[in-house]
Amino acid sequence: MTVQPSCSSRSPHASPTRNTRPEVREQRATILIVDDQPANIHALAKLLKDDYRIITATNATKTLELAQRDPRPDLILLDILMPDQDGYAICRELKADEATHAIPVIFVTALDQAQDEAKGLQLGAADYISKPFNPAIVRARVNNQVSLKLKTDLLEKIALQDGLTEIPNRRYFDRKLTQEWNRQSRHQYPLSLLMIDIDHFKLYNDHYGHGAGDECLRRVAQALAKVPARAADLVARYGGEEFVVLLPETDANGACEVGEQMRAAIHALALPHAYSPVADHITLSIGASMHQPQQPVTSAEALKQAADRALYQAKEQGRDRLVWRDIDAG
Ligand SMILES: Nc1nc2c(ncn2[C@@H]2O[C@H](COP(=O)(O)OP(=O)(O)OP(=O)(O)O)[C@@H](O)[C@H]2O)c(=O)[nH]1
């Protein structure tokens, strides 16, 4: 069944931040110092505050909360002997959580036996510093770990961004789709997906040349990426002249509204396509679908397939349009 939900507004979670992207932050690196003794925190903070942004925690709960909150720390200096939950247990939790496992941890502790250090490193800590510490050595070790972390972030950003259009690539999209699928299953909210294809792009390439085709892809990508309003929305290049949009906490009406805004944005760009049988400028076909909490749990793959089938129908029905399709339409 093909239905066309009306385009009314989305549920009210609007955020001023635009379009989730693989990001490397420009400002100073952040270090989270964890110790139950404020005097110890103070000593480390004094040592590092000129070069880094410092945040602090004195217990496990606060540590995990700060580690998961954006902007996430680039390094955690972690005491081991603490009253509620020791540093080893905190490190284990950090390393088990997808959101925090990449944050390097340095244990800074009074425990100075070889087996204590071995245990910390086996848990995934990047380094181990025994107290009393030498300030110059602490600075150097912190600096080494932060440099490594920033380089890793940069490589990750390159690996997850499309080189031509500078928006997230398919690998990043697939990762986010899995994350959002798991999150919506836990929190029971609708998850919508748009598959977008530029109409008659082969004819564009054939007549204007591949360089002009590349420029067209860049301009379309940048215009699409500007449309969604919420931080969790994601516009990615799926491959070739195909784009994909992931809209968490967005129902059918909201998804159609975003899709129509995207079609309107590309119409407004008015990129000439004299050889298109559809219009004298570049147009889009869009397939849309949604999974909602009341539906029997299917799979993220089924959501993608439904949007893809809807896109196929949009092409069949004459292009330059959005077609909605239910996820379980089969
Ligand atoms: N310039 C450029 N062209 C690309 C790129 N990736 C894919 N293409 C071209 O996109 C075109 C896609 O053609 P088709 O899949 O036949 O689709 P279409 O011509 O848009 O036709 P419909 O989708 O049916 O409207 C091919 O000519 C590809 O070479 C790219 O990175 N740069």
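**A walk outward from D79**

Let's start at one aspartate: D79 counts as buried, because 25 C-beta neighbours lie inside 10 Å, and a residue needs 20 or more to be called buried. Please keep in mind that the model we are walking through is predicted. In the UniProt record, an unreviewed entry, D79 is listed under "modified residue: 4-aspartylphosphate". Along the chain, D79 sits in the loop that leads from β3 (75-78) to α3 (87-96). Which residues does D79 touch, once those up to four places away in sequence are set aside? They are V34, D35, D36, N40, G87, V108 and T109.

Now let's step back to the surroundings of that loop. The same kind of record, again an unreviewed UniProt entry, places "domain: Response regulatory" at residues 30-146. Helix makes up 44% of this span and strand 20%, and its two end C-alpha atoms are 9 Å apart.

Next comes the sheet that β3 belongs to. Five strands form an open sheet with parallel pairing, and their order is β2-β1-β3-β4-β5. At its edges are β2 (53-57) and β5 (127-130), each of which pairs on one side only. On average, neighbouring strands of this sheet are turned by 20° against each other, direction ignored. If you would like to look at one pairing in detail, follow β3 to β4 (residues 105-109): the two run parallel and are joined by three bridges. Within this pairing, L77 stands opposite I106 in β4. As you look along the strands, it helps to recall that side chains in a regular strand alternate between the two faces of the sheet.

Between α3 and β4 there is another loop, and T100 lies in it. Is T100 buried or partly exposed? T100 counts as partly exposed, because its C-beta atom has 19 neighbours inside 10 Å, where 20 or more would be needed for buried. Leaving out residues up to four places away in sequence, T100 touches A67, Q68 and L94. P73 is 27 residues from T100 in sequence, yet the C-alpha atoms of the two are 9.1 Å apart in space.

Further along the chain we come to the ligand. Its surroundings comprise 17 residues, of which D199, F201, K202, G213 and G240 come nearest. Which elements each supply at least two residues of this shell? They are β6 (191-198), α7 (201-208) and α8 (210-225). By character, the shell residues divide into seven charged, five polar and five nonpolar.

G240, one of the residues that come nearest to the ligand, also takes us to a hairpin. Strands β7 and β8 form this hairpin with two residues between them, and G240 in the turn has a positive phi of about 50°. The strands themselves, β7 (residues 234-239) and β8 (residues 242-248), run antiparallel and are joined by five bridges. Here R237 stands opposite F243 in β8.

Finally, let's take in the whole chain. The protein chain has ten helices and ten strands, and its C-alpha trace spans about 75 × 45 × 30 Å along the principal axes. Of its 330 residues, 37% count as buried, D79 among them. Among contacts between residues at least 6 apart in sequence, 68% join residues at least 24 apart.

Definitions and conventions: Residues are numbered from 1 along each chain as its sequence is written. This is a predicted model: local features need pLDDT of at least 70, side-chain atom pairs count only at pLDDT 80 or more; totals for chains, interfaces and linings use all residues. UniProt positions are given in the numbering used here, feature names are shortened, and annotations may be inferred rather than shown by experiment. Helices (H or I, at least four residues) and strands (E, at least two) are DSSP runs, numbered from the N terminus. A residue is buried if 20 or more other C-beta atoms lie within 10 Å of its own, exposed if 12 or fewer, and partly exposed in between; C-beta atoms are placed from the backbone. Two residues are in contact if their C-beta atoms, placed from the backbone, lie within 7 Å. A residue is near a molecule or strand if its C-beta atom, placed from the backbone, lies within 6 Å of it. Ala, Val, Leu, Ile, Met, Phe, Trp, Tyr, Cys and Pro count as nonpolar, Asp, Glu, Lys and Arg as charged, and the others, Gly among them, as polar. Two strands pair if DSSP finds at least two bridges between them. Axes are lines fitted to C-alpha atoms, for helices over the stretch in contact, and angles run from 0 to 180 degrees between N-to-C directions.
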